[in-house]
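Biologist: I have a new model open and would love some help reading it. Could we go through it step by step?

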Amino acid sequence: MTMVETARKRDPFKKALKLEALRKKQDAIRAKIAKLEAKAKAAAQKEDTRLKVIVGAAILANVSLNPETRPQVVAVLEKAVAARRDRAFLKGKNWL
């Protein structure tokens, strides 16, 4: 075997080390992606909650200012609220 042939052959140990390093990078990238996805999901949930609070507050304010709109709001609640716990809460607050 000549010197050139020996130099061209790769050391299997180096290949294994390189492969392991790439796998570690891959795991780190996956972890970063998961973290960013979780952060985006949390932000979306926070925005959704804020939207619900603002819309709910506006509807309650409107009913206070215009009591004649209450039956329409109650009709929407009757159709939209299905969870027993939520319905019981609304009944306790005289909204159902």
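Modeller: Here are some questions and answers about this predicted model.

Biologist: Happy to start simply: how many helices and strands does the chain have?

Modeller: Following the chain from its N terminus, the elements run α-α-α-α. Each entry in that series is a helix. The count is therefore four helices and zero strands.

Biologist: What percentage of the residues of the chain count as buried?

Modeller: A residue is called buried when its relative accessible area is under 20%. The chain has 96 residues to test in this way. It also exposes about 9,000 Å², with carbon and sulfur atoms supplying 62% of that area. The share of residues that count as buried is 8%.

Biologist: Let's turn to empty space. Which element gives the largest share of the lining of the largest pocket?

Modeller: Rolling a probe the size of a water molecule over the atoms shows where empty space is left. Here, the largest pocket holds about 340 Å³ of space, and two elements, α2 (12–65) and α3 (70–80), each give two or more residues to its lining. Eight residues come from the element with the largest share, which is α2.

Biologist: And which residues lie nearest the centre of that largest pocket?

Modeller: The lining has 14 residues to choose from. By class, twelve are nonpolar, one is polar and one is charged. Those nearest the centre are Gly 56, Ile 59, Leu 60, Val 73 and Leu 77.

Biologist: Now for charges. How far apart are the closest N and O atoms of Asp 48 and Lys 52?

Modeller: Side chains of opposite charge can pair when their charged atoms come close. Asp 48 and Lys 52 are four residues apart in helix α2, so about one helical turn separates them. A salt bridge needs a nitrogen and an oxygen within 4 Å. The two residues do form one, and their closest N and O atoms are apart by 3.0 Å.

Biologist: Of that pair, which residue counts as exposed?

Modeller: Exposed means over 50% relative accessible area. Asp 48 has 35%, so it is partly exposed. At 55%, the residue that counts as exposed is Lys 52.

Biologist: Last one: which residue meets Glu 78 in a salt bridge?

Modeller: The structure holds two salt bridges, and one of them is the pair of Asp 48 and Lys 52. Glu 78 is partly exposed, at 40% relative accessibility. Its side chain takes part in a salt bridge of 2.9 Å, N to O, and the partner is Arg 87.

Definitions and conventions
Residues numbered from 1 in each chain as written. Predicted model: local features only at pLDDT ≥ 70, side-chain atom pairs only at ≥ 80, totals over all residues. Heavy atoms only, no water. 1 Å grid on protein atoms, 1.4 Å probe; cavity = no way out; pocket = protein on both sides within 12 Å on 5 of 7 lines; lining within 4 Å. Points joined across faces, edges and corners; volume = space filled by probe spheres on them. Nonpolar A, V, L, I, M, F, W, Y, C, P; charged D, E, K, R; others polar. Buried < 20%, exposed > 50% of the residue type's maximum accessible area, 1.4 Å probe, protein only. Areas by Shrake-Rupley, 256 points an atom, 1.4 Å probe, with all protein chains shown as cover.
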